Amino acid sequence: MSEQWRDVCAVEAIDEEVPLAVSVDGREIALYRIDGQIYATDNLCSHGNARLCDGYLEGHEIECPLHQGRFDVRNGRAMCAPLTADIRIYPAKTDGDRVLLNIMPA
């Protein structure tokens with residue numbers, strides 16, 4: 001499977017405390033900047049119709065704003081109830097001051 005890196009935004013566009021939503025190839029993705037590292041997940045909670053970019057970020061966990069379930073942004077793992085399904089993650093890297101995501105078919 002070939003890599004499909006996409007330039008999505010400037011590193012500085014992502015606040016250390018507030019996730020950023022971007023749309024890439026028809027997918028809505030949440031970007032997180034934690035201790036200088038960029039992480040990317042699906043932006044929609046697997047439990048309800050809520051955007052994770054509107055949630056509360058603490059450490060490496062994003063809390064869904066609808067039902068307070070938390071996901072680890074490093075691996076997409078659902079951390080607590082009411083969540084029962086993980087979310088998809090996307091490889092992310094920086095190139096200078098730009099953020100690149102590897103968008104592969106699901």
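User: Hi! Before we start, what counts as a strand here?

Analyst: A strand is a DSSP run of E with at least two residues, and strands are numbered from the N terminus. With that in hand, D35 can be placed in the loop between strand 3 and strand 4, which covers 37-42. Keep in mind that this is a predicted model.

User: Thanks. How many helices and strands does the protein have?

Analyst: There are 10 strands and 0 helices. Going along the sequence, the pattern reads β-β-β-β-β-β-β-β-β-β.

User: And why is it called as compact as a globular protein of that length?

Analyst: Its radius of gyration is 13 Å, and the globule rule gives 13 Å for 106 residues, so the protein is as compact as a globular protein of that length. The C-alpha trace spans about 40 × 30 × 20 Å along its principal axes.

User: What share of the residues is buried?

Analyst: Buried residues account for 40% of the 106. As for the outside, the accessible surface is about 5,700 Å², and carbon and sulfur atoms hold 45% of that.

User: How far apart are the mean positions of the positive and negative charges?

Analyst: They sit 5 Å apart, with 10 positive and 18 negative charges in the protein.

User: Back to D35. Is it buried or exposed?

Analyst: D35 counts as exposed, because its relative accessibility is 72% and the cut-off for exposed is over 50%. Its backbone is worth a look too: phi of D35 is near 50 degrees, a positive value in a residue other than glycine.

User: Why is a positive phi worth pointing out?

Analyst: Because most residues other than glycine have a negative phi. D25 is another case, with a positive phi near 50 degrees.

User: Where is D25?

Analyst: D25 lies in the loop that links strand 2 (20-24) to strand 3 (27-34). At 45% relative accessibility, D25 is partly exposed.

User: New topic: which peptide bond is cis?

Analyst: The one from A81 to P82, where omega is near 10 degrees. Most peptide bonds are trans. P82 belongs to the loop between strand 7 and strand 8, the latter being 89-90.

User: Which residue can you show me in strand 7?

Analyst: Try D72, since strand 7 runs over residues 70-72 and D72 is part of it. D72 counts as buried because its relative accessibility is 6%, and buried means under 20%.

User: What does the side chain of D72 lie 2.8 Å from?

Analyst: A polar atom of that side chain lies 2.8 Å from the backbone nitrogen of R74. Setting aside neighbours within four places in sequence, D72 is also in contact with H60, R77 and M79.

User: Nice. Where is N102 found?

Analyst: N102 is in strand 10, made of residues 98-102. With a relative accessible area of 3%, N102 is buried.

User: Which backbone nitrogen does the side chain of N102 reach?

Analyst: That of Q4, at 3.0 Å. Not counting residues up to four places away in sequence, N102 touches E3, Q4, W5, Y90 and P91.

User: One last thing: what share of the contacts joins residues at least 24 apart?

Analyst: The share is 41%, taken among contacts between residues at least 6 apart in sequence.

Conventions
Residues numbered from 1 in each chain as written. Predicted model: local features only at pLDDT ≥ 70, side-chain atom pairs only at ≥ 80, totals over all residues. Heavy atoms only, no water. Helix = DSSP H or I, 4+ residues; strand = E, 2+ residues; numbered from the N terminus. Buried < 20%, exposed > 50% of the residue type's maximum accessible area, 1.4 Å probe, protein only. Polar contact = N/O pair within 3.5 Å; in protein donor to acceptor, adjacent residues only side chain to side chain. Contact = heavy atoms within 4.5 Å. Rg over C-alpha atoms; globule rule 2.2 N^0.38 Å. Areas by Shrake-Rupley, 256 points an atom, 1.4 Å probe, with all protein chains shown as cover. Lys, Arg positive; Asp, Glu negative; His and termini not counted. Charge placed at Lys NZ, Arg CZ, Asp CG, Glu CD.
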